[in-house]
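Work through the exercises below with the model open beside you. Each task is followed by a stepwise solution.

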Amino acid sequence: MERKEFKFHYHTAESTEALEPRDAALYREALEAMNSAYAPYSKFFVGAAVELENGVIVRGSNQENIAYPSGLCAERVAIFAAASKYPGVKMRALAIVASYRGENADPAPAGTEKSDSVTPCGACRQVITEYERLLGSPIRIITGGENGTVIILDSAQALLPLVFFSEALTKQVK
Ligand code: THU
């Protein structure tokens with residue numbers, strides 16, 4: 001038996017002001033997208049924005065449903081919209097922003113502004129990773145809250161070690 005190790009690197013920015021201008025612009029799009037979230041059940045508003053290689057930005061927000069599992073995360077709404085409108089176009093980056101807007105939201109600690117943040121759920125990681133593979137290019141992830149620290153990853157692949165992917169299955173569908 002052999003012991004294997006998995007390591008990954010990511011970056012943090014103290015605030016959006018510390019982001020590269022292109023990432024900061026995409027982050028602002030995700031913030032805007034958050035306002036279109038339909039989240040009456042969780043009150044957790046999530047906005048996402050995908051920047052394509054052709055410069056187009058596609059927004060998405062989480063859409064919930066009374067039949068709970070029927071809803072969809074902001075990331076997948078944005079990624080699927082981008083892939084269906086611009087098939088084959090590489091995705092440079094995905095920005096994600098979240099804010100809890102429920103009544104029992106924790107009060108902000110003294111001297112700080114309240115900020116929620118999010119990292120993609122497992123299902124979204126699986127989906128993002130497949131588009132990286134399909135399009136042959138990493139998707140940069142920029143994620144955080146309305147204020148505060150932002151996390152930046154060079155690729156979604158790092159979020160999902162030993163991801164499920166079967167060459168056999170892709171051969172069948174081609
Ligand atoms: N949600 C997202 O949109 N993205 C994530 O990365 C995590 C969760 C949504 C799903 C649901 O509408 C709400 O947030 C609470 O889970």
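## Exercise 1: A serine and its surroundings

Leaving out residues up to four places away in sequence, Ser-61 touches Ala-33, Ser-36, Ala-37, Val-46, Gly-47, Leu-72, Ala-74 and Val-77. The model is a predicted one.

**Task.** Place Ser-61 in its strand, decide whether it is buried or exposed, and find the polar contact of its side chain with another side chain.

**Solution.**
- Step 1. Locate the residue. Ser-61 belongs to strand β3, residues 57-61.
- Step 2. Check the accessibility. Ser-61 has a relative accessibility of 4%. The limit for buried is under 20%. Ser-61 therefore counts as buried.
- Step 3. Look for polar partners. The side chain of Ser-61 makes a polar contact with the side chain of Ser-36, at 2.8 Å. The Ser-61 side chain also reaches the backbone nitrogen of Ala-37 at 3.5 Å.

## Exercise 2: The strands around β2

**Task.** Determine which strands pair with β2, and in which sense.

**Solution.**
- Step 1. Take β4. β2 and β4 run antiparallel and are joined by 9 bridges. Within this pairing, Ala-48 stands opposite Ile-96 in β4.
- Step 2. Take β3. β2 pairs with β3 in the antiparallel sense, over 5 bridges. Here the bridge partner of Ala-48 is Gly-60 in β3.
- Step 3. Inspect the turn. The hairpin of β2 and β3 has 4 residues between the strands, and Gly-55 takes a positive phi near 90°.
- Step 4. Assess burial. Of the 9 residues of β2, 8 are buried, so β2 is largely enclosed by the rest of the structure.

## Exercise 3: Strand β5

**Task.** How many residues of β5 are buried, and which strands does β5 pair with?

**Solution.**
- Step 1. Count. β5 covers residues 140-145, and 6 of the 6 are buried. The strand is therefore largely enclosed by the rest of the structure.
- Step 2. Sort the residues by direction. Arg-140, Ile-142 and Gly-144 point one way from β5. Ile-141, Thr-143 and Gly-145 point the other way. Both sets are buried.
- Step 3. Pair with β4. The two strands run parallel, with 6 bridges between them. Val-97 stands opposite Gly-144 in β5.
- Step 4. Pair with β6. Strand β6, residues 150-153, pairs with β5 in the antiparallel sense over 4 bridges. Thr-143 stands opposite Ile-151 in β6.
- Step 5. Close the hairpin. β5 and β6 form a hairpin with 4 residues between them. Gly-148 in the turn has a positive phi of about 90°.

## Exercise 4: The ligand and its shell

**Task.** List the residues around the ligand, classify them, and find the polar contacts of its oxygen atoms.

**Solution.**
- Step 1. List the shell. The ligand is surrounded by Ser-42, Phe-44, Val-46, Asn-62, Glu-64, Cys-73, Ala-74, Glu-75, Val-118, Thr-119, Pro-120 and Cys-121.
- Step 2. Classify. The shell has 7 nonpolar, 3 polar and 2 charged residues.
- Step 3. Assign elements. β2 (44-52) and α2 (74-85) each supply at least two residues of the shell.
- Step 4. Find the side-chain contacts. An oxygen atom of the ligand is 2.5 Å from an N or O atom in the side chain of Glu-64. For the side chain of Asn-62, the distance from a ligand oxygen to an N or O atom is 3.0 Å.
- Step 5. Add the backbone. A polar backbone atom of Ala-74 is 2.9 Å from an oxygen atom of the ligand.
- Step 6. Gauge the cover. On its own the ligand has 380 Å² of accessible area, and the protein covers 77% of this.

## Exercise 5: Two loop residues

**Task.** Are Val-118 and Gly-88 buried or exposed?

**Solution.**
- Step 1. Place Val-118. This residue lies in the loop between β4 (91-100) and α3 (122-135).
- Step 2. Judge Val-118. With a relative accessible area of 16%, Val-118 is buried.
- Step 3. List contacts. Beyond its neighbours within four places in sequence, Val-118 is in contact with Phe-44, Val-46, Ile-96, Val-97, Ala-98, Thr-143 and Gly-144. Val-118 is also one of the residues that surround the ligand.
- Step 4. Place Gly-88. Its loop runs between α2 and β4.
- Step 5. Judge Gly-88. Its relative accessibility is 62%, so Gly-88 counts as exposed.
- Step 6. Check a distance for each. C-alpha to C-alpha, Val-118 and Glu-103 are 19 Å apart in space and 15 residues apart in sequence. Gly-88 and Arg-101 are 36 Å apart in space, C-alpha to C-alpha, and 13 residues apart in sequence.

Terms used. Residues numbered from 1 in each chain as written. Predicted model: local features only at pLDDT ≥ 70, side-chain atom pairs only at ≥ 80, totals over all residues. Heavy atoms only, no water. Buried < 20%, exposed > 50% of the residue type's maximum accessible area, 1.4 Å probe, protein only. Contact = heavy atoms within 4.5 Å. Near = heavy atom within 4 Å. Polar contact = N/O pair within 3.5 Å; in protein donor to acceptor, adjacent residues only side chain to side chain. Areas by Shrake-Rupley, 256 points an atom, 1.4 Å probe, with all protein chains shown as cover. Nonpolar A, V, L, I, M, F, W, Y, C, P; charged D, E, K, R; others polar. Pairing = 2+ DSSP bridges.
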